[in-house]
Amino acid sequence: MAGGERAKGLRKSCILLIVIAGMERFAFKGVASNLVTYLTDVVNMSNSSAAKTVNSWCGFTSMLPLLVALMADSCWERYSTIMASSFLYVVGLVAVTSTALAWAWSPPSSTRSSSFLLWSLCLISLGQGAYNPSLQAFGADQLDGNDELPCGKEDQKSDKKSMFFQWWYFGVCSGSLLGVTLMSYIQDTFGWVIGFAIPTIAMVTSIVFFSYGNQIYVYRPDGEFDGNPFHAIIQSIKSTLSKLTTSRITLPDENAKMVELELQEKPLCHEQLVANNKSGTSYMLENAKLVLRLLPIWTMLLMFAVIFQQPATFFTKQGMAMKRNIGSDFNIPPATLQSAITLSIILLMPLYDKILIPISRMVIRNDKGISVMQRMGIGMFLSIIAMIIAATVETKRLEISRKIQIQDSETEQETIQLSIFWLLPQYILLGISDIFTVVGMQEFFYSEVPVRMRTMGFALYTSVFGVGSFLSALLISVVEVFTSSKGRPSWFSDDMRKARLDKYYWVLALASAVSLLLYIILCKWYKSRRDLENGSCK
């Protein structure tokens with residue numbers, strides 16, 4: 001059926017997988033969003049130690065898909081990978097729940113109990129490392145074949161792929177919203193045992209739903225795309241190093257030579273690819289080079305990922321030092337303000353297609369509106385504005401705190417009469433930036449990697465946040481060393497009256513601005529995979 005005659009909606013299998021992805025996010029956010037409070041209040045960690053632990057765990061969780069995806073694309077079948085990894089995921093959630101149950105009876109008194117918690121979190125990371133990219137790649141497999149091919153004539157006019165990624169992120173954000181708001185309230189009000197048990201039950205339910213969808217799933221055979229992507233990447237690196245050292249190009253054999261010359265002059269379409277795939281490793285080497293050339297763009301996105309870590313760590317601690325009560329009885333859990341991010345995404349995502357895209361089409365005279373790379377750049381810019389607002393609000397909070405200290409030097413009160421709702425603008429702006437950058441990243445990495453390495457594409461996207469988490473933890477450590485010298489309190493002091501989070505936010509804003517500038521320069525020189533392959537599909 002022609003592209004214009006195809007049904008505009010998504011397959012039932014896509015919709016089911018979007019619901020399952022939302023349930024997984026509910027389970028993960030139900031644990032992760034308030035974890036910093038659990039570590040400080042129950043495990044008795046300091047603010048900086050808890051923040052570094054959460055950042056390191058989130059980084060480890062987001063980095064694992066990059067390692068697992070190579071095996072998933074090369075050796076494993078996606079359905080089996082999802083089922084096996086979901087089992088590990090559930091075991092990790094059960095283990096975390098058991099720590100809360102044990103500590104409800106007796107407080108943690110040794111490093112052994114804390115180590116068990118960390119190992120439990122690592123089990124969740126291992127499960128999610130294979131689960132998330134495989135589930136999303138499996139969801140993308142449900143798209144029609146014409147939407148899947150990068151060089152199909154109808155693909156340029158079809159926006160079904162963009163629709164899938166937007167609704168996927170919509171489902172993910174809906175699950176995150178429930179996980180942050182509902183579970184933060186339950187954990188603060190009813191305790192951590194039930195607060196961790198509910199996400200575990202949700203994950204088990206999602207596995208049941210996934211197994212019931214067997215009859216409607218589309219299973220893409222991998223036989224058309226033979227070759228080991230991991231081996232190809234290694235060979236590509238060796239080939240590049242060899243060219244740099246010998247200053248000449250060597251071709252392995254006659255058949256590979258014909259394929260390589262053909263790739264240079266006229267890139268292969270899908271039909272040509274299947275016909276020529278048996279001729280050697282040259283095609284896989286070209287695919288590996290396509291992945292490696294994404295690394296500069298990947299690097300420039302890291303500062304966005306660092307900013308992405310702040311709501312679950314320092315934004316939450318910032319909120320704990322502000323007025324949180326509504327009426328006389330109800331106190332807002334600070335972690336629930338993270339829901340403003342997901343709520344703004346859910347409310348504003350439909351407006352992206354209905355308002356922004358039509359306006360951008362008229363302005364830049366492009367049928368698709370803004371490009372994926374422009375979309376990511378806009379989100380990066382908005383995240384910088386969010387950090388500037390966060391720094392300004394924190395400066396105001398500190399000014400009020402100092403005035404209270406001057407008026408009453410003996411007071412020990414950290415909480416001030418500045419409403420926690422002053423933090424809402426920075427949360428909402430980060431949510432809007434996510435609509436641009438996060439959805440753009442998913443589509444960018446999915447579209448720019450070879451078809452056989454689609455799981456790797458999603459892993460590249462998640463690894464941005466993994467490395468960003470580690471980079472955030474490293475920044476905290478470096479800043480803490482430099483600011484706590486000579487007996488001065490650290491910028492991350494446990495006493496929020498002495499902490500200087502405003503200065504840290506300014507550092508993040510400045511570093512992100514430099515990253516955005518370099519990103520814009522790189523975009524000027526970057527050519528998409530479709531541009532490189534256009535000549536063969538006309």
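# Questions about helices, rings and burial

Tutor: Let's start with two helices that touch: Leu16, Leu17, Ile20, Met23, Glu24, Phe26, Ala27, Gly30 and Val31 of H1 meet Gly195, Phe196, Ile198, Pro199, Ala202, Met203, Thr205, Ser206, Phe209 and Phe210 of H8. Contact means heavy atoms within 4.5 Å. Keep in mind that this is a predicted model, where local features need pLDDT of at least 70, side-chain atom pairs count only at pLDDT 80 or more, and totals for chains, interfaces and linings use all residues. Residues are numbered from 1 along each chain as its sequence is written, and side-chain values use heavy atoms, leaving out hydrogens and water.

Student: What makes H1 roughly antiparallel to H8?

Tutor: Helix H1 (residues 12–32) and helix H8 (residues 192–212) pack at about 160°, with axes 8 Å apart. The cut-offs are under 35 degrees for roughly parallel, over 145 for roughly antiparallel, 65 to 115 for roughly perpendicular, and oblique for the rest. So H1 counts as roughly antiparallel to H8. The axes are lines fitted to C-alpha atoms, for helices over the stretch in contact, and the angles run from 0 to 180 degrees between N-to-C directions.

Student: Why are H4 and H8 described as roughly antiparallel too?

Tutor: Helix H4 (residues 78–105) and H8 cross at roughly 165°, their axes coming within 8 Å, and therefore H4 and H8 are roughly antiparallel. H4 passes H8 in a left-handed crossing, and the crossing of H1 and H8 is left-handed. Left-handed means that the near helix is turned anticlockwise from the far one by less than a right angle; clockwise would be right-handed.

Student: How many helices and strands does the protein chain have?

Tutor: There are 21 helices and two strands. Both are DSSP runs numbered from the N terminus: helices are H or I with at least four residues, strands are E with at least two.

Student: Why is Thr483 called buried?

Tutor: Buried means under 20% relative accessible area, exposed means over 50%, and partly exposed is in between (1.4 Å probe, protein chains only). Thr483 has 11%, so the residue is buried. Across the protein chain, 54% of the 538 residues count as buried.

Student: What makes the side chain of Thr483 a partner in polar contacts with Val479 and Trp491?

Tutor: A polar contact is a pair of N or O atoms within 3.5 Å; within protein, one must be able to donate a hydrogen and the other to accept it, and residues adjacent in sequence count only if both atoms are side-chain atoms. The backbone oxygen of Val479 is 2.7 Å from a polar atom of the Thr483 side chain. The backbone nitrogen of Trp491 is 3.3 Å from a polar atom of that side chain. Thr483 itself lies in helix H19 (residues 454–483).

Student: Why does Asn44 count as exposed?

Tutor: Asn44 has 56% relative accessibility, so this residue counts as exposed. Its place is in the loop between helix H2 (35–41) and helix H3 (47–74). Asn44 also has a positive phi of about 65°, although it is not a glycine. Most residues other than glycine have a negative phi.

Student: And why is Phe308 partly exposed?

Tutor: Phe308 has 32% relative accessibility, so partly exposed is the right label. Phe308 sits in helix H14 (residues 302–308). Leaving out residues up to four places away in sequence, Phe308 touches Asp434, Val438 and Phe465.

Student: How do you know that Phe314 and Tyr504 form an edge-to-face pair?

Tutor: The structure holds 26 aromatic pairs, and in this one the centres are 5.8 Å apart with 75° between the planes. Rings of Phe, Tyr and Trp (its six-membered ring) pair if their centres lie within 6.5 Å; planes under 30 degrees apart are stacked, over 60 edge-to-face, and the rest tilted. Phe314 lies in helix H15 (residues 314–320) and Tyr504 in helix H20 (residues 501–525), so the pair ties together parts 190 residues apart in sequence.

Student: What makes the pair of Phe315 and Tyr427 edge-to-face?

Tutor: Their ring centres are 5.4 Å apart and their planes are at 75°, so the pair is edge-to-face. Phe315 counts as buried at 1% relative accessibility, and Tyr427 is buried at 0%. Phe314, Phe315, Tyr427, Phe492, Tyr504 and Tyr505 form one aromatic cluster.
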